[in-house]
Amino acid sequence: MKRLLRRRKTLIVAFIAATASFLLGVTLPINLRANQPLKPIQAQVLTVSQSQEQKPTSNINQFKQAIAHRVEFSQQALAELQGMRFQSTVPDQFQGTTIREAKLDSQHKAIALTFDDGPWPKTTTQILEILKKNNIKATFFWVGRYLQAYPDIGKQVAAAGHAIGNHTWNHQYIKYNEDGAAREIDRTSSLIEELTGIQTSMFRPPGGILNNGLAAYAQKKNYSVVMWSADSFDWRTLTESLIDNVMRQAKSGGIVLMHDGGGNRARTVKALPDIIARLRKEGYIFVTVPELLQMQEQELKRQETAKK
Ligand SMILES: [Zn+2]
């Protein structure tokens, strides 16, 4: 009887050991893959870009390879953010600050498209279609009274997983005292939350005006004041030159300003597929503003870990 028990015990121990080693065998490589891939790429990219400096035009393949590495790097970083995707909340360190772009490691090749002054009939939906077709998430800054007028279009944007920011209720270029600023900003955020469930921590001042009381109130309320690094001037220019404006100012970590509402945006709709195609050809991946800032935060953490 005793021997039988001992044998059974041995069998159980053997079974546990086998299971554990099987699980280790399966899970360890996955963990390693998830946590360690960024360093080797870093080394390779540096080597390639150094040699490019010595021979600027010598090797197109090396250049392509370097771009491919940067795309891969950004995609990996994005994959690590998966749990945080589709949110409209920026990381804590950016709340209460003004940002024009993210400071990303040179290995990144990521850019954020932003659209202001919607929701708007026809053009917002057309832009949504183009983004969907290209599998891109963008960031929309809404005017409260337009959201009130076109709630269904707003809901469509949010349901498609884009990030949402606050762009005041009335979109005026006047001075505000604190109460006035509070009415413009609080009312818009309340409606965004009521209609979509999204609590945004992004505010963009109309006209990019930073000194009329709105931005100050937004920062006090811990919004990140989101400006831009590339202005398409789509509200005043022809399709071809708005494409050029974006391409000329495009850079990794950049934030591109365009409009889906507030007026006739047919030119923006017409230009967008070209802008996307040309940026993609240059190797950019498209992210939302919160994702862009999360990438910057990720890097700070990585650098801190590397120092330890
Ligand atoms: Zn605007």
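# A guided tour of the chain

Start with the whole protein chain on screen: of its contacts with a separation of 6 or more, 81% are between residues 24 or more positions apart. The model is a predicted one. Colour by secondary structure and you will have 11 helices and 9 strands to find your way by. If you switch to accessibility, buried residues come to 47% of the 308 residues.

**Stop one: a buried strand**

Select valine 256, which belongs to strand S8 (residues 254–259). Is this residue buried or exposed? Its relative accessible area is 0%, so valine 256 is buried. Now show its surroundings: leaving aside residues up to four places away in sequence, valine 256 touches Ile111, Ala112, Leu113, Thr114, Ala230 and Val246. Add serine 229 to the selection as well; its C-alpha is 6.3 Å from that of valine 256, although 27 residues separate the two in sequence.

Keep Ala112 displayed and select threonine 288, because Ala112 is also among the residues that threonine 288 touches, under the 4.5 Å heavy-atom limit for a contact. Threonine 288 sits in the loop between strand S9 (285–286) and helix H11 (289–307). With 1% relative accessibility, this threonine counts as buried. Its other partners, again not counting residues up to four places away in sequence, are Lys137, Ala138, Thr139 and Ala163.

**Stop two: a cis bond and an aromatic cluster**

Move to the loop between S2 and H4, where you will find proline 119. Show the backbone here: the peptide bond joining glycine 118 to proline 119 is cis, with omega at about -5°. Most peptide bonds are trans.

The next selection takes in Trp120, Tyr146 and Tyr150, which form one aromatic cluster. The structure holds 4 aromatic pairs. In one of them, tryptophan 120 meets tyrosine 146 edge-to-face, with 4.9 Å from centre to centre and 75° between the planes. The two rings come from distant parts of the chain, 26 residues apart: tryptophan 120 is in the loop between strand S2 (110–118) and helix H4 (123–133), while tyrosine 146 is in helix H5 (residues 144–149). Tyrosine 146 has 16% relative accessibility and therefore counts as buried.

**Stop three: a tilted pair with a charge above it**

Select phenylalanine 233 and tryptophan 235 together. Their ring centres are 6.4 Å apart and their planes make an angle of 50°, so this pair is tilted. That angle falls between the limits, since stacked planes are under 30 degrees apart and edge-to-face planes over 60. Phenylalanine 233, at 26% relative accessibility, counts as partly exposed. Tryptophan 235 also counts as partly exposed, at 46%.

Leave phenylalanine 233 visible and add arginine 236. The charged end of arginine 236 sits over the phenylalanine 233 ring, 4.2 Å from the ring centre. For another arginine over a ring, select arginine 187 and tryptophan 169: the arginine lies over the face of the tryptophan, 3.8 Å from the ring centre.

**Stop four: two helices side by side**

Now select H4 and helix H10 (residues 266–281). How do their axes cross? They come within 10 Å of each other and cross at roughly 10°. That angle makes H4 roughly parallel to H10, because angles under 35 degrees count as roughly parallel.

Turn on side chains to see who meets whom. From H4 come Thr123, Gln126, Ile127, Ile130 and Leu131; from H10 come Ala266, Thr268, Val269, Leu272, Pro273 and Ile276. What is the make-up of this contact of H4 with H10? Its residues divide into 8 nonpolar, 3 polar and no charged.

**Last stop: two positive phi values**

Most residues other than glycine have a negative phi. Two residues to select here have a positive one. Threonine 168 has phi near 70°, and lies in the loop between strand S4 (163–166) and helix H7 (178–196). At 1% relative accessibility, threonine 168 counts as buried.

Finish at asparagine 222, whose phi is also positive, at about 70°. This asparagine is in the loop between helix H8 (214–220) and strand S6 (224–226). Its relative accessible area is 43%, so asparagine 222 is partly exposed.

Key:
Residues numbered from 1 in each chain as written. Predicted model: local features only at pLDDT ≥ 70, side-chain atom pairs only at ≥ 80, totals over all residues. Heavy atoms only, no water. Phe/Tyr/Trp six-rings, centres within 6.5 Å; stacked < 30°, edge-to-face > 60°. Helix = DSSP H or I, 4+ residues; strand = E, 2+ residues; numbered from the N terminus. Buried < 20%, exposed > 50% of the residue type's maximum accessible area, 1.4 Å probe, protein only. Lys NZ or Arg CZ within 6 Å of the ring centre and 35° of its normal. Axes fitted to C-alpha atoms, helices over the stretch in contact; angles between N-to-C directions. Parallel < 35°, antiparallel > 145°, perpendicular 65-115°, else oblique. Nonpolar A, V, L, I, M, F, W, Y, C, P; charged D, E, K, R; others polar.
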